[in-house]
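Colleague: I am new to this structure and would like a close look at a single part, taken slowly. Please choose one part, go through it carefully, and then set it beside other parts of a similar kind.

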Amino acid sequence: MTFEWNEQGEVRSARWRSESGAPAPRRVEIAKDTLSADSAYRYACAGTAMLWRSDFQNARLMLQALQRRIEDKPPKAAARAAAKIAQSTPEEVFHLHRQAQSQRARSLGTLVIKVEGDYSIKLRRAPDWKEALTEAWGPATGEAQVVSLRELLGVVGAHEWRKKGVEIAALGEGPNNRIHPHYGVFSPVRGEYIDLIAKAPLPAKAKELAFDIGTGTGVLAAVLARRGVRRVIATENAPRALACAKDNLQRLGLSKQVELQNVDLFPDGQAPLVVCNPPWLPARPSSPIEHAVYDEGSRMLQAFLAGLKAHLAPGGEGWLVLSDLAEHLGLRTREQLLAWIAEGGLRVIERHDVRPEHAKATEGGDALAAARAAEVTSLWRLAAL
């Protein structure tokens with residue numbers, strides 16, 4: 001996809017890059033330090049892209065100014081939005097929230113930067129982000145690209161997370177207990193679901209073999225291996241997640257204990273323990289990383305429950321880790337979940353519950369605060385009927 005603009009009487013172009021697959025803007029203005037924040041806000045609201053051609057650090061300040069204007073609604077508009085939410089069902093509130101998030105992302109995404117073919121940025125006071133961009137996008141191809149500043153900052157943020165890693169208490173103490181998420185792979189910052197896997201009683205024969213379905217960063221496979229499971233088969237079909245899991249397992253010294261397979265859901269065969277932490281909310285993802293959160297139509301959840309019995313060894317267990325946030329939002333009912341379990345020829349042995357402790361669950365501050373405050377994350381221990 002090509003991004004085109006007119007500059008100094010000449011039509012120019014570069015490749016357009018968007019992680020969410022958004023189309024290249026059709027209207028483009030050249031933006032410099034002389035552009036006021038109010039004018040930039042009007043361009044953003046109209047969907048007009050602003051190609052920044054001045055000081056890079058001022059572009060960051062402009063993005064912050066845009067964000068303030070988007071979030072600070074006039075009192076009357078804020079009152080109307082609050083009234084609409086008050087009259088809506090939890091499901092309607094969720095969709096209104098998603099709409100607002102999407103509109104905010106589109107508006108903030110109108111401030112764009114040209115990245116040269118070697119991943120340099122030829123603006124005054126521009127940082128050297130070549131390492132971060134190479135990690136996220138692969139080796140430079142020599143082709144110039146235009147990308148939103150917001151997305152660029154996301155790439156750099158992911159690079160810092162990857163360098164630092166996320167400490168996972170369930171992997172033990174010391175320096176060798178970190179998971180390093182790659183760009184586009186969901187970070188295991190919600191520790192409660194990991195603790196559930198770390199503490200649930202292992203089935204009698206699970207020390208021999210376990211399957212981890214949709215491994216992501218590889219964190220649950222690593223926890224199982226550290227718990228003494230001698231062989232773990234971890235499946236994934238997203239290229240970035242496969243590379244991320246491979247990297248993490250090598251860092252942790254678990255590559256021989258955990259086998260990665262590029263398959264959709266289940267590997268061949270049966271195991272005494274099959275673990276799955278599917279996306280928790282049945283909604284359409286708007287970017288690749290959102291596939292770790294949103295599972296349109298609960299497709300992965302239903303497919304896991306429908307196929308689990310066939311992949312359980314005699315006497316084996318399936319561990320389903322799932323939040324009930326979808327239930328509080330009216331997106332899925334507990335009755336639906338129990339029906340899918342029964343239709344899969346499964347029964348519930350036990351359920352372990354924990355309340356999330358992440359900031360959004362305790363601080364509130366948005367339209368979904370009430371649902372998040374009531375959220376419980378559960379490990380469902382399932383067995384064949």
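Modeller: In this predicted model, helix α6 (a DSSP run of H or I, at least four residues, numbered from the N terminus) gives the most to the lining of the largest cavity, with four residues. A cavity here is a set of points on a 1 Å grid over the protein atoms alone where a 1.4 Å probe fits but cannot get out, and lining residues have an atom within 4 Å of a point. Residues are numbered from 1 along each chain, local features need pLDDT of at least 70, side-chain atom pairs count only at pLDDT 80 or more, and totals for chains, interfaces and linings use all residues. Side-chain values use heavy atoms, with hydrogens and water left out.

Searching the whole structure gives one cavity of 30 Å³ or more, and the volume of the largest cavity, taken as the space filled by probe spheres set on the points, is about 30 Å³. Around the largest cavity lie Ala132, Glu135, Ala136, Val155, Ala158, His159, Arg162, His182 and Tyr183. Both α5 (130-137) and α6 (149-164) supply at least two residues each to this lining, which divides by class into five nonpolar, two polar and two charged residues. Ala, Val, Leu, Ile, Met, Phe, Trp, Tyr, Cys and Pro count as nonpolar, Asp, Glu, Lys and Arg as charged, the others as polar.

The two helices that share the lining also pack on each other, for the axes of α5 and α6 come within 9 Å and cross at roughly 90°, and α5 and α6 are therefore roughly perpendicular (65 to 115 degrees) to each other. On the α5 side of their contact (heavy atoms within 4.5 Å) are Glu131, Ala132, Leu133, Glu135, Ala136 and Trp137, which meet Leu152, Val155, Val156, His159 and Arg162 in α6. This contact has seven nonpolar, one polar and three charged residues. Several names recur, including Ala132 and His159, which belong to the contact and also line the largest cavity.

Two other helix pairs can be set beside it. Helix α7 (residues 191-199) and helix α8 (residues 219-226) have axes that come within 9 Å and cross at roughly 30°, which makes α7 roughly parallel (under 35 degrees) to α8. There Tyr193, Ile194, Ile197 and Ala198 in α7 meet Val219, Leu220, Val223 and Leu224 in α8, so that by class the contact has eight nonpolar, no polar and no charged residues.

For helix α2 (residues 56-71) and helix α4 (residues 90-108), the axes come within 10 Å and cross at roughly 150°, and the two are therefore roughly antiparallel (over 145 degrees). Leu63, Leu66, Gln67, Ile70 and Glu71 in α2 meet Arg104, Ser107 and Leu108 in α4, a contact of four nonpolar, two polar and two charged residues.

Terms used:
Axes fitted to C-alpha atoms, helices over the stretch in contact; angles between N-to-C directions. 1 Å grid on protein atoms, 1.4 Å probe; cavity = no way out; pocket = protein on both sides within 12 Å on 5 of 7 lines; lining within 4 Å.
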